[in-house]
Amino acid sequence: MPKKGTPEACSNPLIEMKSQDQPQDSGTSPSYPFPEGFLWGAATSSHQVEGDNRFNDWWESEHEGRVPHRSGATCRHYELFREDFDLARSWGHNAHRFSIEWSRVQPAPNRFDNEALRHYVEVVNVLNDRGMEPVVTLHHFTNPSWFARRGGWLSSDAPRVFDNYVERVVQTVGNRARFWLTINEPTVYVRQGYIAGQWPPFKSRGWRQAYAALHNLARAHRLSYRTIHQVIPAPLVSFAHNAPVIEPCRATAWADRSAAAVRDFVLNRLFFRLIGPGCLDFVGINYYTRMVVRSQGNVTNLLLGSVCRAHGHRGQGPFSKIGWESYPQGLFEILQRFGRSGLPLLVTENGIATDDEQVRTRFIEQHLKVISQAIESGTNVIGYLYWTLMDSFEWTDGMEAPFGLAAVDSKTQKRTPRPCVEELKRLFTSGRTEPQAQRFMRSASGSNG
Ligand code: FCB
């Protein structure tokens, strides 16, 4: 997925989507059928919301000036999680995705911090008490500094070291949580850290290293899949896959079509091949945008294409504040495609950075409509988690990417809910049909892909 400021970001007139650009509403609010028991809520990640995550490689890079912004206190969610979950519950959410900060739980190679572990048990308890299904991510882009210093994901025993941490977490949290995501967006992590060189460990075009890191992340997934299943009865384990729709810029140009196919293999297939069969109970889908690619320039860009910055692509939607095209119909393709695996799908992220609340509401409506159509056409989608609960530290975009369902005043830490909160609630509580998600949860018993 293109990030703001990356060489591949579609930075063409980064037109903020305006409400007048949008298709006109008929005047009546839409309502879509969602199955009884469908999971819905929001997603966050530790480094983006907790504040003062001093022991990881992002914090270190922020303080060495290697990334443009500092996370600092961000939303102080480490202290304010109870109030934040109260808020989400008052908005009707029945699920919440968050990540455990590895560097808090294991601040040194031979030391686990019991207080940090207790904190995350409390987070899960608080969610359960409020009737919100916890969806736990074990790795969301950040690594403990000690792990990064010993070679990070390039070190041959990285998967074992990660699995050791996972084992400790899972033994502590136990079956208080059923949904587990091992790794968030392995392809984005590797691309940003080993190819684009914009995130730690800042390697540029290290193709061999990128492959080695991806390979180790896949081994880490496999090991931790097994570990989670050994410790908890019938957990539901996946990773969060960033799934862009990839299309050729010139549909008639063989080179563009081939570049789109190669890029699609790298971004949408390779990691699944690397993890192999038998270690997914569902598929976590993070969907934001489409990539239109053109084969041009150096060998890499001939082969994989570069993201085309021109306007006027077929069915082009408007661009968000950070330059991501809104392309809801792509979500339909993605859901159908990954649904063919026979595994249930959970949308683990989808959202927009915008200052225009009508645009955000429209974005959510359009994507939910597509999900309900996919469900109607037989795809087993069990939930939707909006990115994100509240404005937070957005990596190289700092605090300047308003994705949140609530705005956050960084001085007072006051959360101000945005209008889409009510629309989301309305969409999810109207037009219910059969209890599909509940059926899935009863029948799921650690099957695989
Ligand atoms: C995804 C990341 C998440 C956030 C959103 C906007 O790629 O998983 O942390 O940055 O993009």
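Across which strands does H10 lie, and at what angle does H10 run to E6? In the predicted model, H10 lies across E6, E8 and E9 and runs at about 165° to E6; axes are lines fitted to C-alpha atoms, for helices over the stretch in contact, and angles run from 0 to 180 degrees between N-to-C directions. Because the model is predicted, local features need pLDDT of at least 70 and side-chain atom pairs count only at pLDDT 80 or more, whereas totals for chains, interfaces and linings use all residues. Residues are numbered from 1 along each chain as its sequence is written, and side-chain values use heavy atoms, with hydrogens and water left out.

The protein contains 15 helices and 13 strands, where helices (H or I, at least four residues) and strands (E, at least two) are DSSP runs numbered from the N terminus. Of its 449 residues, 61% count as buried (under 20% relative accessible area, with exposed meaning over 50% and partly exposed in between; 1.4 Å probe, protein chains only). Among contacts (heavy atoms within 4.5 Å) between residues at least 6 apart in sequence, 79% join residues at least 24 apart.

The strands beneath this description form an open sheet of three, ordered E6-E8-E9, with mixed pairing; two strands pair if DSSP finds at least two bridges between them. Its edge strands are E6 (245-248) and E9 (306-307), each of which pairs on one side only. E6 and E8 run parallel and are joined by four bridges. Glu-247 stands opposite Val-292 in E8, and Pro-248 has Val-293 of E8 as its bridge partner. On the other side, E8 and E9 run antiparallel, with two bridges between them. Val-293 is there bridged to Val-307 in E9. Four of the five residues of E8 are buried, so E8 is largely enclosed by the rest of the structure.H10 also packs against H9. Two packed helices are described by the angle between their axes and the distance between the axes. For H9 and H10, the axes come within 8 Å and cross at roughly 55°. The two helices are therefore oblique to each other (angles under 35 degrees count as roughly parallel, over 145 as roughly antiparallel, 65 to 115 as roughly perpendicular and the rest as oblique). Their crossing is right-handed, the near helix being turned clockwise from the far one by less than a right angle, as opposed to anticlockwise for left-handed. On the H9 side, Tyr-211, Leu-214, His-215, Leu-217, Ala-218, His-221 and Arg-222 meet Leu-270, Phe-271, Leu-274 and Ile-275 of H10. The residues of this contact divide into eight nonpolar, two polar and one charged (Ala, Val, Leu, Ile, Met, Phe, Trp, Tyr, Cys and Pro count as nonpolar, Asp, Glu, Lys and Arg as charged, and the others, Gly among them, as polar).

Helix H8 (residues 186-195) is mostly covered, with 10 of its 10 residues buried. Among them are Tyr-189, Arg-191 and Tyr-194. The cover of its buried residues includes strand E4 (179-184), helix H9 (207-231), strand E5 (236-242), helix H10 (254-275) and strand E8 (290-294). Gly-197, which follows H8, has a positive phi, near 65°.

Asn-380 is located in the loop between helix H13 (357-376) and strand E11 (381-387). Its relative accessible area is 26%, so Asn-380 is partly exposed. The C-alpha atoms of Asn-380 and Leu-345 are separated by 6.1 Å, with the two residues 35 apart along the chain.
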